[in-house]
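Ready for some practice at reading a protein model? Take a look at the chain below, then work through the exercises at your own pace.

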Amino acid sequence: MWKGVQFWIRPTFRVLRSPTLSAFSSTYFRANRLNCVTFSTSIMGAKGTHRVNTTQRLADLRDLMRKHNVQAFVVPSEDQHSSEYLADCDQRRAFISGFNGSAGCAIVTLNQAYLFTDGRYFLQAGKQLDQNWTLMKQGLPDVPTWQEFLHKNLDPSTRIGVDATLISVSDAENLKKDLEAKKSELVSITTNLVDAVWSDQPARPKNPVVHLDVKYSGRSYTEKFAQLREEMNKKQAKALVVTMLDEVAWLFNLRGSDIDFNPVFFSYAVLTANSALLFIHPKQLTQGAEQFLGNSIEIRPYDSFFEYLRTLPSTLELNESSKILLGDKASLAVAEAIGHGKYIVMRSPITDLKAIKNETELEGFRQCHIRDGAALARYFAWLEEQLNNGVELTESQGADKLEQFRSELDLFRGLSFSTISSTGPNGAIIHYSPDPADCAVIKKEQIYLCDSGGQYLDGTTDVTRTWHFGTPTEQEKRAFTRVLQGHIAIDTAIFPNGTTGHDSWARRPLWQDGLDYRHGTGHGVGHFLNVHEGPHGIGVRIAYNSAAMKAGMTLSNEPGYYADGQYGIRIENIVLVREAKTPNNFGDKGYLGFEHVTLCPIHKKLVDVSLLTADEKKWLNEYHAETWEKVSPLLQNDQRALQWLKRECSTL
């Protein structure tokens, strides 16, 4: 065993991992038999829907606001690395508001409190926020973004407090310009005011960091350095400051576990023409990782990063055309440490390089999804048998069983997010996750939606399937079929190079019935990294317009439909962007298409065959034939799952 033991935890048991990334073993122990550190339970979506009384928390915060002479205080979701998912110590917005969804921003004034979030979380936020809060449903007519709210809705001459490490330099610069007209201002506060009132705030994790072998990553860090330096030369940048955790992990071929479900570690990096610096708590590096990095990487303490930034400009020959490159997610604090006029802000070149997977990574995605498909088949076959036998199972027990099946697979390293195991009305809560202490029993006569994924050394999975183990209604079947048609439309799409990810194809069948959904249709997926990554995606977000699809990108394809208080439907596969062969090549652009790698049956019982075209039927039958061919060899020792897969993959 290594200096520390890596734990990927669900509340009912803990999984111990082997100390190296070249071998896998797992043993289950009851939590009360282990004397070890408990990791956080931050999750992709809602862990239950309990309300927290925030009255005293807000009162304490407002006392500090008065002492600092600010009339508003902004509490974003992100940490100092602009992470989407957080360590427990960084759950400031969840602490102050009681809402623990992954997306949102809180604004507290001296007499009001507002929580801004998007359509994925309207239901969850409505159940979790107490009487102190006003829910701002972003995306609905006449509802401003939190940035717009600051300069449009607050009184003139308002001093707005921010923690400069938690707001991006891009957002800060835009806000400052917008606030000028109302003579309001942003005020950087060195001590986060939420931290000051959070008496039992958890400590920051410092878990072991290991290296990812090139047989999985496909490229060495020296190759990545060389490619990045080429990009830096194009931009006439003397240095690149790396602040995103997944970008640091990708750049150095390192992985950790400081944030649940995301194999990252707290760190920064700086790359110059002839040096590479990694800022990390040195004790986190295992002996193997230290040997892997060698003498070419300069290791410095994590806490020395900002001090280093303040000295960096003087060591470089900067001028008007040659500056320090910051990614657009870098914080205001990073920019302030470097100094005004000494940096340029743009999308990090690592974002684009990381998004395009090499052939080793792409093959890893294919292989891990085959293994993942075997675990899914075992779980759904088991669940169906249990329900048919009258066994009572909660949503959480189902999620635990699925994790158990995944944990038995080669190269498994944990879940990629908290499993969304939801029955009936809970399925309509888009990012629901069951609370083991208080969740619903899976009912045979309700739609069951399961969104889950795994982290493997050779890739990351994210798959959603919707089942009905009893007799679905005609309304449920029609809605499911419309979602399926949208899914097929994306899967079979052919488009020219330069196309960005708008999702009207996926929504068109639903629109025909006057239906829709309040989330994007696809997000980028990391390679044994964060399950959500940019810059590309399929949806209506403005950011997607700046990132064209390119061969080698990985995406989810996940249209859905949610009937509030009744059920949820989603069908999700991971797809790879690949070059497409077309009879013609108009404009010499070249054309692209998708290759699906997720292999799990799509529930035929929920399909209204009369709505499908001949091509859609053909697609479904071919998909099931491929799933059977690739997954069935892994199920020879589980006859229950094998027979289930054979039935579910039969011709429509």
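Here are five exercises, each with a worked solution.

Before you start, note that this is a predicted model, in which local features need pLDDT of at least 70 and side-chain atom pairs count only at pLDDT 80 or more, while totals for chains, interfaces and linings use all residues. Residues are numbered from 1 along each chain as its sequence is written, and side-chain values use heavy atoms, with hydrogens and water left out.

**Exercise 1. Domains**

Task: Find the domains of the chain, then describe how domain 2 meets domain 3.

Solution. Step one is to list the bounds, which come from an automatic or database domain assignment: domain 1 covers 54-197, domain 2 covers 210-348 and domain 3 covers 359-649. Next, look at domain 2 and domain 3, whose C-alpha centres are 34 Å apart. Their contact (heavy atoms within 4.5 Å) draws on 15 residues of domain 2 and 19 residues of domain 3.

Now turn to the buried area, meaning the accessible area (1.4 Å probe) that two parts lose on being put together, summed over both. Between domain 2 and domain 3 it comes to about 1300 Å², and carbon and sulfur atoms give 59% of that. On the domain 2 side, Tyr216, Phe261 and Arg347 supply 46% of the area buried against domain 3, more than any other three residues. Finally, check for salt bridges (a side-chain nitrogen of Lys or Arg within 4 Å of a carboxyl oxygen of Asp or Glu): the count between these two domains is 0.

**Exercise 2. A helix and its neighbour**

Task: Work out how helix 8 packs with helix 9, and decide how far helix 9 is enclosed by the rest of the structure.

Solution. Start with the elements: helices (H or I, at least four residues) and strands (E, at least two) are DSSP runs, numbered from the N terminus. Helix 8 spans residues 221-234 and helix 9 spans residues 245-252; they pack at about 115°, with axes 7 Å apart. The axes are lines fitted to C-alpha atoms, for helices over the stretch in contact, and angles run from 0 to 180 degrees between N-to-C directions.

Then name the partners: Tyr221, Lys224, Phe225 and Leu228 of helix 8 meet Trp250, Leu251 and Phe252 of helix 9.

Last comes burial, where buried means under 20% relative accessible area, exposed over 50% and partly exposed in between (1.4 Å probe, protein chains only). Helix 9 is largely enclosed by the rest of the structure because 8 of its 8 residues are buried. Just after helix 9 comes Asn253, with a positive phi near 55°.

**Exercise 3. A link across the chain**

Task: Which residue forms a salt bridge with Asp246, and are the two partners buried or exposed?

Solution. First, the general idea: side chains of opposite charge can pair when their charged atoms come close. The partner of Asp246 is Lys354, with the closest N and O atoms 3.1 Å apart. This pair links distant parts of the chain, for Asp246 sits in helix 9 and Lys354 in helix 13 (residues 349-355), 108 residues apart. Asp246 counts as buried because its relative accessibility is 7%. Lys354 is buried too, at 4%.

**Exercise 4. Shared partners and a network**

Task: Trace the salt bridges of Arg507, then find a network of salt bridges.

Solution. Begin with Asp503, whose side chain meets that of Arg507 in a salt bridge of 3.0 Å, N to O. Arg507 also forms a salt bridge with Asp516, the closest N and O atoms being 2.6 Å apart. Now add accessibility: Asp503 is buried at 0% and Arg507 is buried at 7%, whereas Asp516 is partly exposed at 35%. For the network, join up Glu359, Glu363, Arg366, Arg578 and Glu595. A search of the whole structure finds 31 salt bridges.

**Exercise 5. Backbone details**

Task: Where is the cis peptide bond that involves Pro535, and where do Ser157 and Asp588 lie?

Solution. The cis bond joins Gly534 and Pro535, with omega about 5°, and Pro535 is in strand 28 (residues 533-538). Ser157 has a positive phi near 60° and lies in the loop between helix 4 (146-152) and strand 9 (159-162); at 48% relative accessibility, it is partly exposed. Asp588 has a positive phi near 55° and belongs to the loop between strand 32 (573-580) and strand 33 (591-596). At 68%, Asp588 counts as exposed.
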